[in-house]
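Hi,

Here is the structure I promised to pass on to you. Have a look at it first, and then read my notes below.

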Amino acid sequence: MKEIEVFFVGRANAGKSAVLKELFGLKTRIGRRPGVTRAPVRYQLDSFIVIDLPGIGFRRGLNGYRRVLSDVIEGERHKRRPRSLGVQVIDGKSFLEITERHSKPLDVDLFEYLLDFEIDPIIAINKMDKIKEHEASLDKIVSRLGMLPPYKQWADRVVPISAKRHDVAQLKWLISHRLQDMKNKIRESEVL
Ligand SMILES: Nc1nc2c(ncn2[C@@H]2O[C@H](COP(=O)(O)OP(=O)(O)OP(=O)(O)O)[C@@H](O)[C@H]2O)c(=O)[nH]1
Ligand SMILES: [Mg+2]
């Protein structure tokens with residue numbers, strides 16, 4: 001089971017590395033400017049591997065990013081047993097600002113891209129400490145991602161967090177829950 005990979009994707013500066021530090025106490029590189037994580041960094045934990053990916057949107061759009069992602073998820077579509085779990089980290093504040101300007105956040109394209117690969121990512125909406133009116137904002141974000149509000153009905157997929165406030169417990173729970181599901185499926189397929 002140790003080969004299960006949990007990879008963290010999202011726009012540059014969304015807080016992926018900060019979230020990983022909070023979740024697992026990893027010594028990730030965190031920076032105020034986008035483009036801090038330049039290449040995928042793998043960490044072997046006790047029962048799975050964590051991958052901190054570079055952010056999308058820094059020097060490369062989704063097209064350039066596909067190459068980075070393909071290493072991680074290539075072939076996943078054709079595998080009978082899922083081996084990787086995606087966590088898409090979104091900067092909630094910046095997502096809302098982009099949406100208010102009537103632009104399409106790159107996060108939406110990335111989410112659709114992952115779904116195309118049959119990867120159903122956990123969506124961690126980060127920087128909640130910078131957002132007012134939590135419920136209305138989260139409803140807006142899920143609806144822009146193509147899910148029907150209220151966001152609460154997507155509790156098995158969407159989780160608001162704040163790495164800054166050390167508020168990531170719900171995300172940690174969701175990850176371990178999904179991992180348990182994956183492990184059960186792997187076990188079942190090994191018995192068959
Ligand atoms: N206010 C606030 N700031 C945060 C939060 N999480 C991360 N940050 C800040 O956001 C900035 C970017 O954090 P990183 O973890 O380096 O972001 P990243 O997504 O790994 O960025 P790249 O490696 O460039 O893709 C840093 O200044 C963090 O301190 C949060 O929950 N709230
Ligand atoms: Mg990073």
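**What I found**

Let's begin with F24, which counts as partly exposed because its relative accessibility is 22%, and the cut-off for buried is under 20%. Keep in mind as you read on that this is a predicted model.

F24 has a partner. The two rings of F24 and F48 make an aromatic pair of the edge-to-face kind, with 5.7 Å from centre to centre and 70 degrees between the planes. F24 sits in helix α1, while F48 is in the loop between β2 and β3 (49-52), so this pair ties together parts that are 24 residues apart in sequence. Unlike F24, F48 is buried, at a relative accessible area of 10%.

How many aromatic pairs does a search of the whole structure find? There are two. The other one joins Y113 and F117: their ring centres are 5.0 Å apart and the planes stand at 65 degrees, so that pair is edge-to-face too. Both Y113 and F117 are buried. If the two values per pair puzzle you, a pair of aromatic rings is described by the distance of the centres and the angle of the planes.

Now for the metal. Which residues are the protein donors of the magnesium ion (ligand 2)? They are S17, through its OG atom, and T37, through its OG1 atom, and they lie 2.0 to 2.2 Å from the ion. S17 belongs to helix α1 (residues 16-24) and T37 to the loop between α1 and β2 (41-44), so these two tie together parts that are 20 residues apart in sequence. Both S17 and T37 are buried.

S17 also takes us to ligand 1, since one of its polar side-chain atoms lies 2.9 Å from an oxygen atom of that ligand. The backbone joins in as well: G31 has an N or O atom of its backbone 3.0 Å from an oxygen atom of ligand 1, and for G35 a polar backbone atom is 2.6 Å from a ligand oxygen. Taken alone, ligand 1 exposes 660 Å², and the protein buries 89% of that. There are 23 residues around ligand 1, and K16, A18, G35, T37 and D129 come nearest. Helix α1 gives the most to this shell, with three residues.

Next, try finding strand β1 (residues 5-10). Six of its six residues are buried, so β1 is largely enclosed by the rest of the structure. In a regular strand, the side chains alternate between the two faces of the sheet. Here both faces of β1 are covered, with E5, F7 and V9 buried on one side and V6, F8 and G10 buried on the other.

Which strands does β1 pair with? One is β3, which runs parallel to β1 and is joined to it by four bridges; F7 has I51 as its bridge partner there. Another is β4 (residues 84-91), also parallel to β1, with six bridges between them. In that strand, V89 is the bridge partner of G10.

One last residue to look up is T99, in helix α3 (residues 92-100). T99 is partly exposed, with a relative accessible area of 22%. From T99 to R67 you count 32 residues in sequence, and their C-alpha atoms are 27 Å apart in space.

Have fun exploring!

How values were computed: Residues numbered from 1 in each chain as written. Chains lettered and ligands numbered in written order. Predicted model: local features only at pLDDT ≥ 70, side-chain atom pairs only at ≥ 80, totals over all residues. Heavy atoms only, no water. Donors = N, O, S within 2.8 Å, 3.2 Å for Na, K, Ca; no water. Buried < 20%, exposed > 50% of the residue type's maximum accessible area, 1.4 Å probe, protein only. Phe/Tyr/Trp six-rings, centres within 6.5 Å; stacked < 30°, edge-to-face > 60°. Pairing = 2+ DSSP bridges. Near = heavy atom within 4 Å. Polar contact = N/O pair within 3.5 Å; in protein donor to acceptor, adjacent residues only side chain to side chain. Areas by Shrake-Rupley, 256 points an atom, 1.4 Å probe, with all protein chains shown as cover.
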